[in-house]
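Dear colleague,

Please find below the structure that I am handing over to you, together with its sequence. A short account of what was found in it follows.

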Amino acid sequence: PSAQDRILASRMGAMAIQAIMEGQRNVMIGLSNGQIVYVPFSRAVSHDRTIDRGAVDLVRILSI
């Protein structure tokens, strides 16, 4: 992980703790326009997106 990945993980972890302290339920932590936000599970799973096959192939190549 890069420094940026570690910072993002720390920010998301802090927001997860904040969500618990606020009594938030049925949400995940997401990134929207550079901001860490709560995303309701219902919204997170409702998007029907296709898989980028090029990205999958790249992951396979890099994981060797």
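To begin with a single pair of residues, Val27 stands opposite Pro40 in S2. Please keep in mind throughout that this is a predicted model.

The two strands concerned are S1, residues 27-32, and S2, residues 35-40. S1 and S2 run antiparallel and are joined by six bridges. They form a hairpin with two residues between the strands, where Asn33 takes a positive phi near 55°. As general background, side chains in a regular strand alternate between the two faces of the sheet.

The hairpin strands also take part in the largest pocket, as S1, S2 and helix H2 (41-46) each supply at least two residues of its lining. Which of these elements gives the largest share of the lining? That is S1, with four residues. The volume of this pocket is about 170 Å³. Its lining consists of Met28, Gly30, Leu31, Ser32, Val37, Val39, Arg43, Ala44, His47 and Arg49. By character, five of the lining residues are nonpolar, three are polar and two are charged.

A further residue to look at is Val59, which lies in helix H3, residues 53-62. Is Val59 buried or exposed? Val59 counts as exposed because its relative accessibility is 54%, and the cut-off for exposed is over 50%. Between Val59 and Ala9 there is a separation of 50 residues in sequence and, from C-alpha to C-alpha, of 20 Å in space.

With kind regards

Conventions
Residues are numbered from 1 along each chain as its sequence is written. This is a predicted model: local features need pLDDT of at least 70, side-chain atom pairs count only at pLDDT 80 or more; totals for chains, interfaces and linings use all residues. Side-chain values use heavy atoms; hydrogens and water are left out. On a 1 Å grid over the protein atoms alone, a cavity is a set of points where a 1.4 Å probe fits but cannot get out, and a pocket is an open set with protein on both sides within 12 Å along at least five of seven lines; lining residues have an atom within 4 Å of a point. Grid points are joined across faces, edges and corners, and a volume is the space filled by probe spheres set on the points. Ala, Val, Leu, Ile, Met, Phe, Trp, Tyr, Cys and Pro count as nonpolar, Asp, Glu, Lys and Arg as charged, and the others, Gly among them, as polar. Buried means under 20% relative accessible area, exposed over 50%, partly exposed in between (1.4 Å probe, protein chains only). Two strands pair if DSSP finds at least two bridges between them.
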